[in-house]
Amino acid sequence: KKTTMSFDFAALLSPDNAVRNSAESQFEQCRQAQPQLVATQLVAALSQPGGSPTSELCAVLARRYLPPLFALAEIHFSLEAREHVKAGLLACLGSASHPPSLRRKLCSLVGRLGAEFHAAGSWPQLSAFIAAACADGAAPEVHESALSVLSHMAPALVEPAAWAACGQSVQATLVDGLGAARAPAV
């Protein structure tokens, strides 16, 4: 029978070296032994309102460790756990209560994961989130987050061959649109 570990992320921020070293060791053991648990605990910590130092740390840990967890076999990181993590990340982005620094970290993570899942189409909820966040009436913070996620996903959204074929004309159109002849008089 497998025992369930839990983890106190705040201990990683302890000024006491012994406590912090012990917490780092425990986190690494938990990450290796129960990656699903670590993933769900990271998302749970991120979903707390406000921007505590622990939330900021969890965002950094999530950016570092969640993408490789999605590469694990399903026996180690189940489909149910993956969907739970993805839904939790979108819920975090949908909340306007997080400070900008935490939102940037979340956008980076969601954009990175979104880029990886884009080709397979395995995160349709992300598209729905972006559409809703860009609709009229969405909170400005949420709208900004959706655009930031898209910017992180940009390399996966544009096929290199297609960009090479149309890039020059798009660039010319943009430059022409910014030209002085079309600028309104001030």
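This report walks through a few local features of a predicted model.

## Aromatic rings that meet

Let's start with the rings. Across the whole structure, a search turns up 5 aromatic pairs. In one of them, the ring centres of Phe70 and Phe117 are 5.2 Å apart and the planes meet at 70 degrees, so this pair is edge-to-face. The cut-off behind that name is an angle over 60 degrees. If you wonder why both values are quoted, a pair of aromatic rings is described by the distance of the centres and the angle of the planes.

This pair joins distant parts of the chain: Phe70 belongs to helix α3 (residues 53–70) and Phe117 to helix α5, with their positions 47 residues apart in sequence. Are these two rings buried or exposed? Phe70 has a relative accessible area of 8%, so it is buried. Phe117, with a value of 12%, is buried too. Buried here means under 20%.

Phe117 has further company. Together with Phe70, Phe77 and Trp123, Phe117 forms one aromatic cluster. In addition, Lys86 lies over the face of Phe117, at 4.7 Å from the ring centre.

## Two helices side by side

Now look at helix α4 (residues 79–94) and helix α6 (residues 124–133). They pack with their axes 10 Å apart, at an angle of about 10 degrees. Because angles under 35 degrees count as roughly parallel, α4 and α6 are roughly parallel to each other.

Which residues make the contact? On the α4 side they are Glu83, Leu90, Leu93 and Gly94, while α6 contributes Gln125, Leu126 and Phe129. Sorted by character, the residues of this contact are 4 nonpolar, 2 polar and 1 charged.

## Glu56 and Pro100

Glu56 is part of helix α3. Its relative accessibility is 15%, so Glu56 counts as buried. Leaving aside residues up to four places away in sequence, Glu56 touches Pro99, Ser101, Leu102 and Lys105.

Pro100 sits in helix α5, which covers residues 100–118. Is Pro100 buried or exposed? With a relative accessibility of 56%, Pro100 counts as exposed, because the cut-off for exposed is over 50%. Pro100 also shows how sequence and space can tell separate stories: Glu141 is 41 residues away from Pro100 in sequence, and the C-alpha atoms of the two are 8.4 Å apart in space.

Terms used:
Residues numbered from 1 in each chain as written. Predicted model: local features only at pLDDT ≥ 70, side-chain atom pairs only at ≥ 80, totals over all residues. Heavy atoms only, no water. Helix = DSSP H or I, 4+ residues; strand = E, 2+ residues; numbered from the N terminus. Buried < 20%, exposed > 50% of the residue type's maximum accessible area, 1.4 Å probe, protein only. Phe/Tyr/Trp six-rings, centres within 6.5 Å; stacked < 30°, edge-to-face > 60°. Lys NZ or Arg CZ within 6 Å of the ring centre and 35° of its normal. Axes fitted to C-alpha atoms, helices over the stretch in contact; angles between N-to-C directions. Parallel < 35°, antiparallel > 145°, perpendicular 65-115°, else oblique. Contact = heavy atoms within 4.5 Å. Nonpolar A, V, L, I, M, F, W, Y, C, P; charged D, E, K, R; others polar.
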